[in-house]
Amino acid sequence: MTIGTDSPISNSSQNPSWEFETQLLHAGISHGARLLNLSEFGSFYSRFTNACRLSILPSLMCSQCADCSVQPTVNVLQNRMAELEGGVAACGVASGSAAVVMTMLALAGAGDNFISSFHVHAGTFHQFGTLAKQMGIECRFVDSQNPVDFEAAIDGKTKFVWVESISNPGNVILDFKALSLICQNKGIPLICDNTFGCAGYFCRPIEHGVDIVVHSATKWIGGHGTTIGGIIIDGGTFDWGKHTDRFPQFHDPKSKLWERFSHRAFAVRCQFEILRDTGSTLSAPAAQQLLIGLESLAVRCERHAQNTAELADWLQEQPLVAWVNYIGHKDHQYHQEALKYFKRGFGSVICFGLRGGFQACARFCNALKMVIITTNLGDAKTLVVHPASTTHEHFSPEERAKSGVTEDMIRLSVGIEQIRDIKADFKQAFEHITEPGEIRKVNKGKIHLQNEINRRLYGPSACL
Ligand SMILES: Cc1ncc(COP(=O)(O)O)c(C=O)c1O
């Protein structure tokens, strides 16, 4: 395979003054016709107009060679996402999971290691802990908020540090700025899974020193739950030229990625080498669906954030709710980091605990009439899941405990419905944990209520 010097992976910033909301609709593509020749108006009308929707541009993408691995619709998504995140280039892939594993494979091989926050999405945890190990790559998980502990784990064979902007599902936010300084010192890139940062609407990690951003586009980017996709964004900030020994893949005499593509070398490696070898291609119809989703992202996120803040406060007042984990709350462990790294709101994921543990969660979920029980996130519709019995089922009890995934925990991805309808559905589902009307009667008497639930669910011996 040869890589043309005219790589289509480019930063196609047509109008750098566009605001984020406008970029969502227009970045990454230049519309053809602009000229309206009045003398020809009428007979040639159709020649001087544009379609307002990007259609699926026909071009097969077999990912085997440079020519056909450039799918025009995918390319628009790549360019748009690069602009939204403030990067220089991007690579669209088949799923968020593919984006995670491809990024790892682009940088590490057998005998290497990398550092990951312990607090990452369950699928990522499995890819790093199991798949990487099978490939001879060691993932060193760090279960600490202190950047110094990350630094201590880095050695000469370390290829990158991995964090999530808000971790799924624990809502942990690490100090990117401090971590980026450590990574710069050590000569390794900092990578952030910014899925919860919603394509840059809430959080733009590259502005805080992160070098590479990945997303599961399946979530907020699409927002409609119809399409699986992922994206890898190259911030263009890491100097591969300074670290030839640690990263020889960018200095291969045949592909000469660094020499030819400099600050876009990482994106080119993903698209022309790793995508070719893994075949994790994003299809043109999927890219089109994701682009349609992106157009409404800012309006959706505004409503997501409002509903989430209101619901988090409301949940705290519910007698059956034992605890609420929402980064927008002032007493949240990571609220200061959230204020530093997030703007326009605090995302749309809340975790909360139900008095009555697993049984209460099962009754609550089963009773929901509008809210959907699913492992997905970021849909326009409100979704819930019980992580301990689904996403984190394959974790050992110790790993589950360290991740903060308790038996009583529900993860909630707040949608954009009218907030009154979400509350009403929750309210009627709460009633199913006890007898109808019971919740109102016991109201603030939480110990009494807990005893009552325990007695009903587990028998008299379970009372406090
Ligand atoms: C933070 C994060 N990263 C990656 C993924 C994997 O994405 P996908 O489902 O598109 O493979 C998920 C899925 O939940 C996620 O939450």
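A residue is termed buried under 20% relative accessible area, exposed over 50%, and partly exposed in between (1.4 Å probe, protein chains only). The model is predicted, so local features need pLDDT of at least 70 and side-chain atom pairs count only at pLDDT 80 or more, whereas totals for chains, interfaces and linings use all residues. Residues are numbered from 1 along each chain as its sequence is written, and side-chain values use heavy atoms, with hydrogens and water left out.

**Exercise 1. Determine how far helix H8 is enclosed, and by what.**

Step 1. Helices (H or I, at least four residues) and strands (E, at least two) are DSSP runs numbered from the N terminus; H8 comprises residues 265-278.

Step 2. Of the 14 residues of H8, 11 are buried, so the helix is largely enclosed by the rest of the structure. Among them are Phe266, Arg269, Gln271 and Glu273.

Step 3. With contact meaning heavy atoms within 4.5 Å, the cover over these buried residues includes helices H2 (72-85), H3 (96-107) and H7 (257-261), together with E1, E6 and E7.

**Exercise 2. Compare the span of H8 with its expected value, and locate its kink.**

Step 1. The expected span is 1.5 Å times one less than the number of residues. For the 14 residues of H8 this should give 20 Å; the end C-alpha atoms lie 18 Å apart, which agrees.

Step 2. The bend at a residue is the angle between axes fitted to the seven residues ending there and the seven starting there. H8 has a kink of about 25°, centred on Gln271.

Step 3. Just after H8, Gly279 adopts a positive phi of about 70°.

**Exercise 3. State the strand order of the sheet and identify its edges.**

Step 1. Two strands pair if DSSP finds at least two bridges between them. The open sheet has 7 strands in the order E1-E7-E6-E5-E4-E2-E3, with mixed pairing.

Step 2. Strands E1 (89-93) and E3 (138-142) are the edges, each pairing on one side only.

Step 3. Strands E2 (residues 113-117) and E4 (residues 158-164) run parallel and are joined by 3 bridges; Ser116 has Trp162 in E4 as its bridge partner.

**Exercise 4. Establish which residues of helix H6 are buried and which are exposed.**

Step 1. In H6 (residues 176-186), the buried residues are Phe176, Leu179, Ser180, Ile182 and Cys183.

Step 2. They cover an arc (of the directions from the helix axis to the C-beta atoms) of only 160°, which puts them on the same side of H6.

Step 3. Gln184 and Asn185, on the other side of H6, are exposed.

Methods: Axes are lines fitted to C-alpha atoms, for helices over the stretch in contact, and angles run from 0 to 180 degrees between N-to-C directions.
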